[in-house]
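Please look through the sequence and the model that follow before reading on. The paragraphs after them lead through the structure step by step.

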Amino acid sequence: MTKIVLVAACALIDVDGRILLAQRPEGKSMAGLWEFPGGKVEPGERPEETLIRELREELGIEVNEACLAPLTFASHAYEDFHLLMPLYICRRWDGMPQGRENQSLKWVKAVRLRDYPMPAADEPLIPHLMDAVSGI
C-alpha cells in the first residue's frame, strides 16, 4: 500500500508579479531543487494552518489565513510515496521573506519558472501560476 503524504505549498506573489522560490538546502531530500515554500501537514492541522506555520518558520513572515487563496493541486507518485499537494497563492503578508533554514530564495517571473530545476510534482503547477499572474 502506498503512503500518501499531504504537503501544503504557497506561491508568494509580489507587487511586480514575481513568485518566490526556495532552494532545498543540502542534507534534505531533493537538495538543490527549487520549490514553493510550505511543508507537511501535521495530524489535526488544516493545510492553511500548515502554511501559516511553515511560512513563519521558514521565511519569518506572517500570513493571514484570509490572504491564502487555493489555486490548484499536485498529485504525484514518487518511488516510495504519493504526494498530494494543494497550492495556494498569497499576495499579502507581513515581513520580508528570509531563508531561515539555510535555503536560498529567489523572486522569479512566472515565465522564467522553468529555468529553475524543481521536484517533479512542482512542474505541472507552473502553467496555473502563469495564468494566475498574467493579469499583473
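How many disulfides does the structure hold? In this predicted model, the number of disulfides is zero, and the cysteines themselves show what stands behind that count. The sulfur of Cys67 has its closest cysteine sulfur in Cys90, at 5.6 Å, which is too far for a bond, because a disulfide requires a pair of cysteine sulfur atoms within 2.5 Å. Cys90 is likewise in no disulfide, and the cysteine sulfur nearest to that of Cys90 belongs to Cys10, 5.0 Å away. As for their surroundings, Cys67 counts as partly exposed, with a relative accessibility of 23%, whereas Cys90 has a relative accessibility of 0% and therefore counts as buried.

From the cysteines we can step back to the fold as a whole. The protein contains seven strands and two helices, and when these are read along the sequence they follow the pattern β-β-β-β-α-β-β-β-α. Among the contacts between residues at least 6 apart in sequence, 64% join residues that are at least 24 apart.

The overall dimensions come next. Taken along the principal axes, the C-alpha atoms fill a box of roughly 45 × 30 × 30 Å. The radius of gyration is 14 Å, which agrees with the value near 14 Å that a compact globule of 136 residues would have. Of these 136 residues, 44% are buried, while the protein exposes about 7,600 Å² of surface, 50% of which is supplied by carbon and sulfur atoms. The charged side chains comprise 21 negative and 15 positive ones, and the centres of these two sets lie 4 Å apart.

A single residue, Phe81, can serve to bring the view back to a local scale. Where along the chain does Phe81 lie? Phe81 is found in the loop between strand β5, which covers residues 68-77, and strand β6, which covers residues 82-90. Is Phe81 buried or exposed? Neither word fits, because its relative accessible area of 22% makes Phe81 partly exposed, the limit for a buried residue being under 20%. Once its neighbours within four places in sequence are left aside, Phe81 is in contact with Thr2, Lys3, Val5 and His76. One of these partners, Lys3, is 78 residues away from Phe81 in sequence, and yet the C-alpha atoms of Phe81 and Lys3 are 5.0 Å apart in space.

Key. Residues are numbered from 1 along each chain as its sequence is written. This is a predicted model: local features need pLDDT of at least 70, side-chain atom pairs count only at pLDDT 80 or more; totals for chains, interfaces and linings use all residues. Side-chain values use heavy atoms; hydrogens and water are left out. Helices (H or I, at least four residues) and strands (E, at least two) are DSSP runs, numbered from the N terminus. Buried means under 20% relative accessible area, exposed over 50%, partly exposed in between (1.4 Å probe, protein chains only). Contact means heavy atoms within 4.5 Å. The radius of gyration is taken over C-alpha atoms; the globule rule is 2.2 Å times the number of residues to the power 0.38. Accessible areas come from the Shrake-Rupley method with a 1.4 Å probe; for residues, only the protein chains shown count as cover. Lys and Arg count as positive and Asp and Glu as negative; His and the chain ends are not counted. The place of a charge is taken as NZ of Lys, CZ of Arg, CG of Asp or CD of Glu.
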